[in-house]
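Reader: Before I rely on any descriptive term for this protein, I would like to see each one set against its definition. Could you take me through them one by one?

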Amino acid sequence: RVSAKTLVTFCTNGILLRMLMAGDNTLSTVTHVIVDEVHERDRFSDFLLIKLRDVLQNQTNLKLIISSAALDANLFIKYFGCCPVIYIQGRPFEVKEMFLEDILRSTGYTNKEMVKYRKEKQQEEKQQSTLTEWCSAQENYSKLNLQRQRSVPRATEECNLLGDGGDTVFNQLTEKDVTCLEPWLIKEMDSCLSDIWLHKDTDSFAQVFHLILTENISVDYRHSETSATALMIASGRGFLSQVEQLISMGASIHCRSSNGWMAVDWAKRFGQTEVVDLLESYSASVGFGNLDESSLVQTSGCDLSAEDRELLTAYHHSFDDEKVDLDLIMHLLYNICHNCGAGAILIFLPGYDEIVSLRDRILFDDRRFADNAHRYQVFMLHSNMQTFDQKKVLKSPPAGVRKIILSTNIAETSITVNDVVFVIDSGKVKEKSFDALSCVTMLKMVWISKASAIQRKGRAGRCQPGICFRLFSRLRFQNMLEFQTPELLRMPLQELCLHTKLLAPIHCPVVDFLMKAPDPPPALIVKNALQMLKTIDAMDPWENLTELGYHLTDLPVEPHLGKMVVCAVILKCLDPVLTIACALAYRDPFVLPTLASQKRAAMLCRKRFTAGTFSDHMVLLKKIISFQK
């Protein structure tokens with residue numbers, strides 16, 4: 001649609017990059033380039049800025065304007081060399097902030113686990129005393145009890161859990177709460193864990209695993225006198241293979257014993273370096289270590305009042321910080337709807353799964369809302385929605401109807417809803433990260449930055465004074481990053497390295513070009529990406545694009561998946577390979593349950609689709625084919 005009469009062109013960063021690949025002369029007739037929302041720091045915006053800075057040196061008539069409401073101005077002033085800065089003062093209304101401790105105090109929110117925690121505080125003190133005795137036990141501790149004969153599970157037992165069909169296994173495998181366990185099971189588990197710790201009796205693990213698999217005891221079962229789990233004990237004693245097996249069964253590395261130690265702390269305390277390395281590597285790959293709020297309250301909570309400290313401690317003991325507390329959101333939503341004035345409510349959630357779960361609770365599960373559905377309009381906002389559906393959110397609701405918007409971070413800047421008065425901020429976002437050592441890309445839930453938190457708060461003050469409810473503490477806010485980590489530092493660089501060959505000057509090495517980014521990626525990661533491109537024949541030894549490399553630059557997928565598709569065309573097996581490539585490029589279609597017993601069942605169900613091939617790719621293909629049928 002661009003013609004000689006075109007005055008303004010709206011396009012994405014990716015489209016402009018594609019235009020620049022045709023040569024710098026593409027912008028010869030352009031006088032101004034405006035790059036908006038630079039604070040998001042996605043890989044294409046940073047990559048575009050590298051190229052535009054080079055173009056500015058050759059085209060003196062070109063003006064570059066970068067804009068954002070939450071910009072790290074000093075970084076870009078330095079990057080572009082003392083460029084002028086224009087501050088445009090906004091006119092937002094006042095927005096009151098309420099942090100997690102304020103919400104818990106003012107609404108009186110509590111749950112069963114919080115009540116249970118308060119009742120168990122005295123028991124915890126007794127457990128700490130017993131645990132201290134355990135930790136100071138001598139290596140030559142004599143056995144006080146006779147060794148019991150234990151049944152060892154058969155190797156085929158796990159496979160038999162699936163039965164004939166396997167589809168009803170999740171209904172059967174529900175982990176029992178410790179209060180529901182029969183006394184003999186508690187006694188048996190406690191005795192096994194004691195033997196493992198005090199006598200280094202590794203044979204007792206066979207009975208522990210047997211009870212977990214057959215009696216549906218939680219893999220995170222806590223010793224009733226010390227609160228230690230099997231993973232903590234195995235870590236402290238340095239039983240590496242058992243640690244690996246417990247993790248594979250779904251054991252949590254973030255559980256804490258009564259003295260506040262996690263499994264890695266047990267390993268460090270007793271000098272088990274191999275176990276420390278394993279647990280720290282696993283923690284990094286899972287990526288949730290930075291979500292631990294209990295330790296933050298313990299180590300940095302000196303400025304908190306006694307009441308707030310107690311509230312936060314009880315809450316964090318009751319809820320998994322790796323998730324979003326939908327119960328608390330529903331409680332808060334009800335309080336807003338019945339105690340506050342009119343106005344739309346915007347709820348920031350990390351991803352689509354949380355959005356759908358909360359929508360179902362509002363519309364179907366919670367009778368307080370479901371029975372009065374005519375009073376509410378619920379909208380979902382995420383990047384995969386059609387533009388037409390997004391526009392519906394902008395319309396004002398009828399009189400007497402409250403608008404509730406469930407959104408990802410797309411509502412921070414990309415979409416502005418003017419009638420929002422209340423914001424509920426979960427404080428979390430899902431972002432991709434790349435482990436350069438394992439070459440694995442992961443979608444992790446992480447805390448947002450302070451800049452994003454301020455942006456979210458500002459959504460509530462567009463048309464009148466508003467309130468922002470933050471589902472995280474003041475302590476957490478103070479410990480957030482100032483700005484989000486640039487995507488260029490946490491994504492695989494193979495695709496950008498290919499595009500660099502089309503954008504960089506002829507004799508400019510890829511590493512040198514990417515080092516000119518506002519926050520350049522480590523040179524080693526770039527070199528690893530180049531080595532992978534050479535391995536798949538996308539580049540020759542001198543870093544020049546091969547014929548295959550030029551084809552891969554036209555495919556909007558990672559290079560190794562692109563080569564997979566190209567080879568499938570040549571070998572005439574495109575349909576199945578294209579299905580596999582799409583599944584790999586998007587996300588794992590398998591849902592990982594939260595309960596450890598169901599995780600084991602999910603793994604067994606997954607194995608059913610291998611059909612003896614031992615191939616993850618064939619599992620994806622067969623699962624999608626069965627879904628289509």
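Reader: What makes strand 4 and strand 7 a pair?

Author: In this predicted model, strand 4 (residues 344-348) and strand 7 (residues 420-425) are joined in the parallel sense over 5 bridges. Strands (E, at least two residues) and helices (H or I, at least four) are DSSP runs numbered from the N terminus, and two strands pair if DSSP finds at least two bridges between them, so the 5 bridges satisfy the criterion. Within this pairing F348 stands opposite D425 of strand 7. On strand 10 (residues 466-470), which runs parallel to strand 7 and is joined to it by 4 bridges, the bridge partner of D425 is R470.

Reader: Why is strand 7 described as largely enclosed?

Author: Buried means under 20% relative accessible area, whereas exposed means over 50% and partly exposed lies in between, with a 1.4 Å probe and protein chains only. Strand 7 has 6 of its 6 residues buried, so the rest of the structure largely encloses it. Helix 10 (residues 204-214) is described likewise, because 9 of its 11 residues are buried, including F205, H210 and L213.

Reader: How do you know that E412 is buried, and what does E412 touch?

Author: E412, which is found in helix 21 (residues 410-413), has a relative accessible area of 6%, and therefore counts as buried. Its side chain makes a polar contact with the side chain of R456 at 2.9 Å; the term requires a pair of N or O atoms within 3.5 Å, where, within protein, one must be able to donate a hydrogen and the other to accept it, and residues adjacent in sequence count only if both atoms are side-chain atoms. Leaving aside residues up to four places away in sequence, E412 touches F348, S452, Q455, R456 and R459, a contact being heavy atoms within 4.5 Å.

Reader: What makes the side chains of strand 1 alternate, and which of them are buried?

Author: In a regular strand the side chains alternate between the two faces of the sheet. In strand 1 (residues 32-36), V33 and V35 point to one face and are buried, while H32, I34 and D36 point to the other and are not. Strand 1 runs parallel to strand 2 (residues 63-67) and is joined to it by 5 bridges, with I65 of strand 2 as the bridge partner of I34. The chain passes from strand 1 through helix 2 (residues 43-58) to strand 2 in a β-α-β crossover that is right-handed, a term meaning that, with the strands pointing away from the viewer, the path from the first strand over the helix to the second runs clockwise.

Reader: Where in the model is the confidence low, and how should that be read?

Author: On pLDDT, the predictor's confidence in each residue from 0 to 100, the protein averages 81, and 84% of the residues score at least 70. Over residues 138-173 the pLDDT is below 50, although this stretch has 52 contacts in the model beyond near neighbours in sequence. Where pLDDT is low, the predicted coordinates should not be read in detail.

Reader: Which conventions lie behind these values?

Author: Local features need pLDDT of at least 70 and side-chain atom pairs count only at pLDDT 80 or more, while totals for chains, interfaces and linings use all residues. Residues are numbered from 1 along each chain as its sequence is written, and side-chain values use heavy atoms, with hydrogens and water left out.
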